[in-house]
Amino acid sequence: MSDFRKILVWQKAMALTTKIYNNSQKFPKEEIFGLTSQLRRSAISIPSNIAEGIGRDSKNELLRFLTIAMGSLFELQTQLEIAKNINFLKEEEFNNMYEDSREIERMLVAFIKKIKESN
């Protein structure tokens with residue numbers, strides 16, 4: 001498993017990162033170093049850590065990086081909630097990205113479980 005680009009959860013995480021960037025462009029300019037930056041960093045961290053874990057030589061390293069990706073995903077979900085609560089995101093935008101994040105969460109959980117069960 002050396003080509004991370006073929007991993008569906010990585011592809012979905014990349015698509016969500018693009019949505020995050022596109023939707024956060026309209027956030028207030030004074031948030032560029034606040035919520036905008038936080039959202040973008042946590043989004044970027046998800047596919048980055050999946051890719052890094054796949055590039056590592058051991059199952060334990062892969063699991064460690066998948067766990068980091070999961071933590072970043074939870075950060076992202078929290079930040080999306082905040083953006084919705086302070087009206088930076090419309091309900092439909094929030095729902096779309098949040099559901100994407102939940103799909104990635106389910107996929108990461110399954111991927112982690114599969115790796116743990118493999119010999």
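This is a short tour of a predicted model, going from helix to helix and then to the salt bridges and a loop.

**Stop 1: helices H1 and H2**

Start by selecting residues 8-24, which make up helix H1, and residues 35-55, which make up helix H2. Fit an axis to each and you should find that the two come within 9 Å and cross at roughly 165°. H1 and H2 are therefore roughly antiparallel to each other, since an angle over 145 degrees counts as such. The crossing of H1 past H2 is left-handed.

Now show the side chains where H1 and H2 touch. On the H1 side, pick out Val9, Trp10, Ala13, Met14, Thr17, Ile20, Tyr21 and Ser24. Facing them from H2 are Thr36, Leu39, Arg40, Ala43, Ile44, Ile46, Pro47, Ile50 and Ala51.

**Stop 2: leucine 39**

Stay in helix H2 and centre the view on leucine 39. Is leucine 39 buried or exposed? Its relative accessible area is 1%, so leucine 39 counts as buried. Leaving aside residues up to four places away in sequence, leucine 39 touches Ile20, Phe27, Leu76, Gln79 and Leu80. For a distance check, draw a line from the C-alpha atom of leucine 39 to that of glutamate 91: they are separated by 17 Å, and the two residues are 52 residues apart along the chain.

**Stop 3: helix H4**

Next, select residues 91-117, which form helix H4. Its 27 residues should span 39 Å at 1.5 Å a residue, and the end C-alpha atoms are indeed 39 Å apart.

Which residues of H4 are buried? They are Glu93, Phe94, Met97, Ser101, Ile104, Glu105, Leu108, Phe111, Ile112 and Ile115. To see what these buried residues pack against, switch on H1, H2 and helix H3, the last of which covers residues 59-85.

**Stop 4: salt bridges**

Side chains of opposite charge can pair when their charged atoms come close. How many salt bridges does the structure hold? There are nine, and a few of them are worth a visit.

Keep H4 in view and pick aspartate 100 together with lysine 19; their side chains meet in a salt bridge at 2.4 Å, N to O. Aspartate 100 sits in H4 and lysine 19 in H1, so this pair ties together parts that are 81 residues apart in sequence. Lysine 19 is partly exposed, at 29% relative accessibility.

Within H4 itself, arginine 102 and glutamate 105 form another salt bridge, at 2.7 Å from N to O. These two residues are three residues apart, about one turn of the helix. Colour them by accessibility: arginine 102 is partly exposed at 29%, whereas glutamate 105 is buried at 14%.

Move to the start of the chain for arginine 5 and aspartate 3, a salt bridge whose closest N and O atoms are 3.8 Å apart. Aspartate 3 is partly exposed, with a relative accessible area of 31%. Then select Glu52, Arg56, Glu61 and Arg64 together, because these four are linked in a network of salt bridges.

**Stop 5: the loop between H3 and H4**

Finish at asparagine 87, in the loop that joins H3 and H4. Check its backbone: phi of asparagine 87 is near 65°, a positive value in a residue other than glycine. With a relative accessible area of 68%, asparagine 87 is exposed.

Terms used:
Residues are numbered from 1 along each chain as its sequence is written. This is a predicted model: local features need pLDDT of at least 70, side-chain atom pairs count only at pLDDT 80 or more; totals for chains, interfaces and linings use all residues. Side-chain values use heavy atoms; hydrogens and water are left out. Buried means under 20% relative accessible area, exposed over 50%, partly exposed in between (1.4 Å probe, protein chains only). Helices (H or I, at least four residues) and strands (E, at least two) are DSSP runs, numbered from the N terminus. The expected span of a helix is 1.5 Å times one less than its number of residues. Contact means heavy atoms within 4.5 Å. Axes are lines fitted to C-alpha atoms, for helices over the stretch in contact, and angles run from 0 to 180 degrees between N-to-C directions. Angles under 35 degrees count as roughly parallel, over 145 as roughly antiparallel, 65 to 115 as roughly perpendicular and the rest as oblique. A crossing is left-handed if the near helix is turned anticlockwise from the far one by less than a right angle, and right-handed if clockwise.
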